[in-house]
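Hi,

Here's the structure I said I'd pass on. Have a look, and my notes follow underneath.

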Amino acid sequence: MKRLYFAACLVFMVFIMSACTGESKENDGREDSHSGAVVQKEQEETMRQDKAREKADSIDGQEEQKESPEIQEDEMKDLCITIGGQDFLVKLYENSATEQLVDMLPLHITMDELNGNEKYYYLDAGLPTDSSVPSGIREGDLMLYGSDCLVLFYKSFTTSYRYTPLGYMEDIQGFAAALGEGSVQVDIAVLQ
């Protein structure tokens, strides 16, 4: 008898559970159609927000691009080379050698004469190199020979030697005359 009572209770509970599950499915079906509309609206709102963010990022990116040349110009340092009281402006190239050279400045050095077209000085420490044979040497070029020889050219010519370019002078008026013949005292500093 207990078994029959237990079996009846079990069948009754299964019946109730299945009824609840069916009702739940009906509710879920109704909620799904409502939830679907809500989800769709949320997705559309998210898409609108994403587009708005992309547009804002695009505008910010354009502003950054407009500002970046100024930043790059500010980061690019110029040198002032002083010879006999005359100042000469050197525009530096952007490379690792110039970065390390700037870290060594200011320098007060004696540059020696070589070949009637250049003055040179051996630095205490080597700089990174990226040497190549230039298409030509111009008066006012500042280059690195090897890793530690700083060279200032005061005549234009062609060469087969390899150099790492460091910088150049835009205005060379009076430069060769200031260097003169023989060794010369040179001050090199970052232009402020």
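A definition before the strands: two of them count as paired if DSSP finds at least two bridges between them. Helices (H or I, at least four residues) and strands (E, at least two) are DSSP runs, numbered from the N terminus. Bear in mind that this is a predicted model, where local features need pLDDT of at least 70, side-chain atom pairs count only at pLDDT 80 or more, and totals for chains, interfaces and linings use all residues. Residues are numbered from 1 along each chain as its sequence is written, and side-chain values use heavy atoms, with hydrogens and water left out.

The chain has 3 helices and 8 strands, in the order α-β-β-α-β-β-β-β-β-α-β from the N terminus.

I liked the bit around β5 (residues 142-145). It runs antiparallel to β6 (residues 149-153), with 4 bridges between them, and the two make a hairpin with 3 residues in between. Gly146, in that turn, has a positive phi of about 65°. β5 also runs antiparallel to β7 (residues 164-169), through 3 bridges. Leu142 faces Leu152 in β6, and its bridge partner in β7 is Gly167.

Leu142 is also in contact (heavy atoms within 4.5 Å) with Leu101, as are Leu79, Leu107, Leu127, Leu150 and Leu166, leaving aside Leu101's neighbours within four places in sequence.

As for contacts between residues at least 6 apart in sequence, 63% join residues at least 24 apart. Buried residues (under 20% relative accessible area, 1.4 Å probe, protein chains only) make up 23% of the 192 in the chain.

Cheers

Conventions
Buried < 20%, exposed > 50% of the residue type's maximum accessible area, 1.4 Å probe, protein only.
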